[in-house]
Number of protein chains: 2
Amino acid sequence: MDKVNIEQKLSLFSDHWSPKIVGELNGQQVKLVKLKGEFVWHKHDNEDELFFVIKGSLKMEFRDRTEIIKEDEFIIVPHGVEHKPSADEEVSIMLFEPAATLNTGNIINEFTKDVLDRI
Amino acid sequence: MDKVNIEQKLSLFSDHWSPKIVGELNGQQVKLVKLKGEFVWHKHDNEDELFFVIKGSLKMEFRDRTEIIKEDEFIIVPHGVEHKPSADEEVSIMLFEPAATLNTGNIINEFTKDVLDRI
């Protein structure tokens with residue numbers, strides 16, 4: 001039940017595409033992740049995902065459009081919707097999603113992280 | 001699935017202690033609320049609550065201690081834990097909690113909001 005300082009937590013890691021758990025509630029997890037470059041197209045069959053941009057700018061491609069999400073903006077990607085995150089420059093994101101969410105969803109590849117650190 | 005800009009949403013209301021729904025996912029809701037003054041001691045028997053401070057400073061009293069949560073910090077209050085939020089100056093908060101969460105928890109009084117606006 002300690003409070004969490006986002007900047008302090010972000011200072012603890014520098015790797016990309018590797019979410020860290022910083023909070024848990026109601027079966028959901030709060031994660032921080034730094035992204036740079038292109039991710040893989042994927043979807044989550046059962047989990048909706050919230051991406052809140054802390055620092056930088058996130059590009060989120062959908063099959064029918066592209067959204068740019070900036071600092072202090074968030075987007076909710078519903079389950080079943082294919083999406084591909086990317087970022088030209090490093091972006092820091094806070095995620096809210098069910099604890100069961102796998103970062104690459106229905107795809108298993110070199111980006112897949114099935115065990116996440118708690119920081 | 002539109003993106004949400006926090007500042008824009010905060011500009012749409014000025015009342016205190018009246019959470020507005022700005023997103024829903026996995027049975028949870030994302031709410032924005034402005035607080036000023038003292039709230040009531042209460043607890044939520046079944047819901048954990050996350051308070052993320054967007055602007056200002058939040059005082060959260062527990063029966064055994066007090067936490068000050070500042071901008072870009074969050075605290076998770078587990079279900080069953082009595083707490084009393086307050087703020088000397090207006091503070092803007094993002095809440096993440098189950099859709100069923102009543103703002104005053106186990107207490108019904110003049111602060112209770114059982115129907116929330118979506119903005």
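1. A good place to start is the order of elements: along its sequence, chain A reads β-α-β-β-β-β-β-β-β. That comes to one helix and eight strands in chain A. Please keep in mind throughout that this is a predicted model.

2. On overall dimensions, chain A looks as one would hope. A compact globule of 119 residues would have a radius of gyration near 14 Å, and chain A, at 13 Å, agrees with that. Taken along the principal axes, the C-alpha atoms of chain A fill a box of roughly 40 × 30 × 25 Å.

3. Two further numbers describe the packing of chain A. Of its 119 residues, 39% are buried. When contacts between residues at least 6 apart in sequence are considered, 65% of them join residues at least 24 apart.

4. Within chain B, strand 8 deserves a careful look, as several strands pair with it. Strand 3 of chain B runs antiparallel to strand 8 over 10 bridges, and here Leu32(B) has Met94(B) as its bridge partner. Strand 4 (residues 49–55) of chain B is also antiparallel to strand 8, joined by five bridges; in this pairing Phe51(B) is partnered with Leu95(B). Strand 5 (residues 58–62) of chain B adds four bridges to strand 8, again antiparallel, with Met60(B) opposite Pro85(B).

5. Now to the interface. Here 25 residues of chain B are in contact with 24 residues of chain A. On the chain B side, the elements giving two or more residues include helix 1 (6–10), strand 3 (28–38) and strand 8 (83–98). Strand 7 of chain B gives the most, with five residues. By class, this side of chain B has 14 nonpolar, four polar and seven charged residues.

6. Strand pairing also crosses between the chains. Strand 1 (residues 4–5) of chain A pairs with strand 7 of chain B in the antiparallel sense, over two bridges. If you would like a residue pair to find on screen, Asn5(A) stands opposite Glu73(B) in that strand of chain B.

7. Finally, how are the two copies related? Chain B superposes on chain A by a rotation of 180 degrees with 0.0 Å of shift along the axis, at an RMSD of 0.0 Å. The copies are therefore related as by a two-fold rotation axis. The same surface serves both copies, since 96% of the contact residues of chain B recur in chain A.

Terms used. Residues are numbered from 1 along each chain as its sequence is written. Chains are lettered from A and ligands numbered from 1 in the order in which they are written. This is a predicted model: local features need pLDDT of at least 70, side-chain atom pairs count only at pLDDT 80 or more; totals for chains, interfaces and linings use all residues. The radius of gyration is taken over C-alpha atoms; the globule rule is 2.2 Å times the number of residues to the power 0.38. A residue is buried if 20 or more other C-beta atoms lie within 10 Å of its own, exposed if 12 or fewer, and partly exposed in between; C-beta atoms are placed from the backbone. Two residues are in contact if their C-beta atoms, placed from the backbone, lie within 7 Å. Ala, Val, Leu, Ile, Met, Phe, Trp, Tyr, Cys and Pro count as nonpolar, Asp, Glu, Lys and Arg as charged, and the others, Gly among them, as polar. Two strands pair if DSSP finds at least two bridges between them. Copies are superposed by least squares on the C-alpha atoms of residues with pLDDT of at least 70 in both.
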